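Morning, everyone. Let's get the structure up on the screen and walk through it piece by piece.

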Amino acid sequence: MGKITALNVNGKKLPVDVDATASLLGVLRNDLNLTGSKYGCGEGQCGACTVLVDGQPIRSCITQVGRVAGKQITTIEGLEKDGRLHPLQEAFLKADAMQCAYCTSGMIMSSAGLLQKNPRPSRDEIISAMNGNICRCGTYQRIVNAIEIAAGTVKEVAR
Amino acid sequence: MIDERDRLDLVDTERYELFASPTYNFEFHRRDFLKAFGAGIVLVVPLTRVLAQQGRSQGESGRGGLNERIPNDIGAWIHIDEDGRVNVFTGKVEMGQNIRTSLTQAVAEELHVPVSMIHLTMGDTDLTPFDMGTFGSRTTPTMAPQLRKAAAAAREVLIELAAQRLNVEPNTVRIVNAQFVNHDKSKTLTFADVAKGQQLLKVIPENVALTPASEWSISGTSTPKMDGRDFVTGKHQYTSDIKRERMLYGKVVRPSAFNATLVFSDTKAAEAMPGVTVVRDGNFIGVAAADQPTAAKAADAIAVDWKAPGQPSNAQLFDLLRKPSAERGGGGGPARPQGSIADGLAAADKKLEQTYTVAYIAHAPLEPRAAVAEWNGDKLTVWTGTQRPFGVRGELAEAFRIAEDKVRVIVPDTGSGYGGKHTGECAIEAARLARAAGKPVKLVWSREEEFTWAYFRPAGVIDIRSGVKSDGTITAWEFHNYNSGPSGIQGTYEIPNQINQFHQSNSPLRQGSYRGLAATANHFARESHIDELAHSVSMDPLAFRLKNLKDERLRAVLEAATKAFGWNQAKPPKDHGFGLACGFEKGGYIAACAEIGLEPAASKDEGRKVRIARVVEAFECGAIVNPTHLNNQIEGAIAMAVGGALFEGIQFENGKITNPKFSAYRVPRFRDMPAIEVVMIDRKDLPSAGAGETPIVGLAPAVANAIFNATGVRLRSLPLAPKGLTTS
């Protein structure tokens, strides 16, 4: 079984010592102490574990580390730059787009992936891109609003 | 009508809240407090009923003032430390309902300081006062007033001390910008100046004057979520994020079915793995290892054989529930009969008898149960996401036969609960593994474990028999709920002859609390039946309800929701329908209007898809504490209600859950969301009630009524359309 000895996470090359088949989520959380990405289902159905790999949102719980070694991994911890929040993080706060917030990291990473590809998505495009992420508290309407605020397609908090 | 005492009964009849633990009666000693807090000023808030006893005992002992005895039953306390920080302690827990924010607002309001000066310590059994648990929408009506009193009393004590220091009269001192100032602001003191060197402990008198809602400047405003930045940056540590020195990862080997007995196990292969601890204790079998993959491998390497009895399946569920439980005496809540059903039916022009059912559904909190357990000698500390930290402490003490003061339960702000996290299974399992391993152990349940080994919202059967006159007057109402629960069973319709009764059954699955408890089932049945009655006498559902309702608060939400929705202003488009429902529960009044639309079937095995296009809900829960957070709770309750209304249902067969994952148990997603419009009615003249639960109860009946409006098909089972509209 192959070993993975380093991962590129949030712009840094970090040493690890894990099997290539280990789940990326487990390695991020347990080996690299990057616990912002969450376990919610283990089958890629809820999106709480979403991270970006070369800009693409992926479900880290069903991704083997061997498949992302050498690629650029971005987690929720990598969005804040020099103490300044990412526009999506700001917008989620502004729109109060969370309750328990356990899904929030995954929501923000999925929407970050969307905005990289499509900076001004329509409401329908947002809903399609985000449908794989579950917010059990049901803040969906606010999350859509937050993404629109971050994208600049709406100025204000709806309501 | 039901009177206020009955309403309190209904609130307290949380039959399924699973709280069996005793109440505790610790002796608090002044020196313990002062030792715990060091210098500063401490204000303790006794529970009201204890204050009554206090009054008597104070008379006997002749003590009073600052030397009065510290009561055993304390609801909360506030400590103003020497740095001027305001530290508030409550046994309530935060799990997304935003009470950390609303309680902070309450304290800030009465103390006349910004929320940033206040820090809440919540749900830590070593640091916070005993609390039954965070459920039943009780935080806002009970904990918030206690903290308000403490804060108001603290303000008076501090002003008194500040006045002495400033050498002015107390009534000339005010708190402005977190400072004490005299009449012309020529003299100022900070909170730290006043608290420094103090060793003061005061029990709050009962007659503290509180700021009326009409004068609120912090409560009543949309204070942003406390620690919001930690949540959007991933910094917040949920239980599952906690790491301790030398910590191991646990994994439990689960039985093959419910009620199974372990008849054989071979653990040699797992025990041979380096660093693996295996525990077999009775029916419990689990492992702990240095990392998660090894723990999973070790658990897989254990050979087990379980013996399980034959158990019922979905198909038999409703027949089973209809049989009253013999060991529970078949009893339930009191029927509170009024008048005579026979007379009421005799006076009716139309009679109706119908049965409604609701499925078991799962809470599916996005953070599954998790615990980190650490033994330090004979002292056990467990971090876990539970709604009942003190209840779980009791469970741990009992499981390990140790005294409760040897157990500390700490609840980090948690990834939701919805009534699903009252119990301590995961905490006990982690602690059992940690004791065997001699190291801290983290155990996080898998989604499948959460779906299987937690508990469910009760399924239920509801029979209604009723009579109505041609003019729309309801003359008789007989309502029997089997198993799902008594919450919200009593409607507010003016019916001279009525019985509303709950009957306990033997549930084939483990069941417990859920957001709104049985109020969803009871409102679904009642409000569907009311709609059927309205149609039986060819009346508009709104006019029919208003004809039979006197309760002004309920009429107000009904009128507000229908006005915003445009009820009777336009006919629904083709393949669309409008529906309406209203109700009362836990101090909140709710009315919901829904528009549904029928869409092509998702596959050839399914019927036409029911899509909820639009929902307008009006809600009133007294004085609004935080408009944005209230709005968010109402929207969230509607979103969650979409699942239970349309498609959520636990499937089970012979002791197994057959759909224990998100790919098989469908929860609402972005695409399922209707356009939601919320109308909030702010009654500053009324005490604030909790709002996390009641907004969930109106959606299902409004949707069922809208489906009838669109298709003429009356659906009487929740979920209504898990495979589309299959009965049309």
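Let me start with a question: is strand β1 of chain B, residues 40-46, largely enclosed by the rest of the structure or left open, and why? Keep in mind that this is a predicted model. Now the answer. β1(B) is largely enclosed, because 7 of its 7 residues are buried.

Look at the two faces of that strand. B:G40, B:V42, B:V44 and B:P46 point one way. B:I41, B:L43 and B:V45 point the other way. Both sets are buried. Next, its neighbour. β1(B) runs parallel to strand β8 of chain B, residues 199-203, and 5 bridges join them. To find the register, take B:L43, which stands opposite B:K202 in β8(B).

Now step back to chain B as a whole. Chain B has 728 residues, and 53% of them are buried. Count the secondary structure and you get 19 helices and 28 strands. Then sequence separation. Take the contacts in chain B between residues at least 6 apart in sequence: 79% of those join residues at least 24 apart.

On to the domains of chain B. The assignment gives three pieces: domain 1 is 4-232, domain 2 is 239-308 plus 369-444, and domain 3 is 323-361 plus 456-718. Where domain 1 of chain B meets domain 3 of chain B, the contact takes 27 residues from domain 1 and 28 from domain 3. On the domain 1 side, the elements giving two or more residues are α1 (4-12), α4 (99-111) and α5 (139-166) of chain B. α5(B) gives the most, with 4 residues. By class, that domain 1 side has 8 nonpolar, 15 polar and 4 charged residues.

α5(B) comes back in the core. The largest nonpolar core has 256 residues. Its largest share, 12 residues, comes from α5(B). The residues with the most contacts inside this core are B:V107, B:A150, B:V382, B:A430, B:V557, B:L699 and B:V703. As background, nonpolar side chains tend to be buried together in soluble globular proteins.

Pick one of those residues, B:A430. What does B:A430 touch, leaving out residues up to four places away in sequence? The list is B:G250, B:A371, B:V372, B:A373, B:V382, B:V441, B:K442 and B:L443. Note B:V382 there: it is another of the residues with the most contacts inside the core.

Now a strand with two partners to look at: β14 of chain B, residues 350-358. With strand β19, residues 460-468 of chain B, it pairs in the antiparallel sense over 9 bridges. Here B:Y356 has B:I462 as its bridge partner in β19(B). With strand β28, residues 717-718 of chain B, β14(B) pairs in the parallel sense over 2 bridges. There, B:T357 has B:S717 as its bridge partner.

Over to chain A. Its assignment gives domain 1 (3-78) and domain 2 (87-151). The C-alpha centres of these two domains lie 20 Å apart. In the contact, 14 residues of domain 1 of chain A meet 13 of domain 2 of chain A. On the domain 1 side, β3 (50-53) and β4 (56-59) of chain A each give two or more residues. β3(A) has the largest share there, with 3 residues. That side divides into 7 nonpolar, 6 polar and 1 charged.

How do the two chains meet? The contact takes 43 residues from chain A and 47 from chain B. On the chain A side, two or more residues come from each of α1 (24-31), α2 (87-94), α3 (104-117), α4 (123-130) and α5 (140-151) of chain A. By class, the chain A side has 20 nonpolar, 16 polar and 7 charged residues.

Last stop, α5(A). This helix has 12 residues and reaches 17 Å from first C-alpha to last, close to the 16 Å expected. 12 of its 12 residues are buried, so α5(A) is largely enclosed by the rest of the structure. Among the buried ones are A:R142, A:N145 and A:E148, along with A:I143 and A:I147. What do the buried residues of α5(A) pack against? In chain A, they pack against α2, α3 and α4. In chain B, they pack against α18 (627-646) and β27 (675-681). Just after the helix, A:G152 takes a positive phi of about 80°.

Note on methods
Residues are numbered from 1 along each chain as its sequence is written. Chains are lettered from A and ligands numbered from 1 in the order in which they are written. This is a predicted model: local features need pLDDT of at least 70, side-chain atom pairs count only at pLDDT 80 or more; totals for chains, interfaces and linings use all residues. Two residues are in contact if their C-beta atoms, placed from the backbone, lie within 7 Å. Ala, Val, Leu, Ile, Met, Phe, Trp, Tyr, Cys and Pro count as nonpolar, Asp, Glu, Lys and Arg as charged, and the others, Gly among them, as polar. The expected span of a helix is 1.5 Å times one less than its number of residues. A residue is buried if 20 or more other C-beta atoms lie within 10 Å of its own, exposed if 12 or fewer, and partly exposed in between; C-beta atoms are placed from the backbone. Domain bounds come from an automatic or database domain assignment. A nonpolar core is a set of buried Ala, Val, Leu, Ile, Met, Phe, Trp, Tyr and Cys residues joined through C-beta atoms within 7 Å. Two strands pair if DSSP finds at least two bridges between them.
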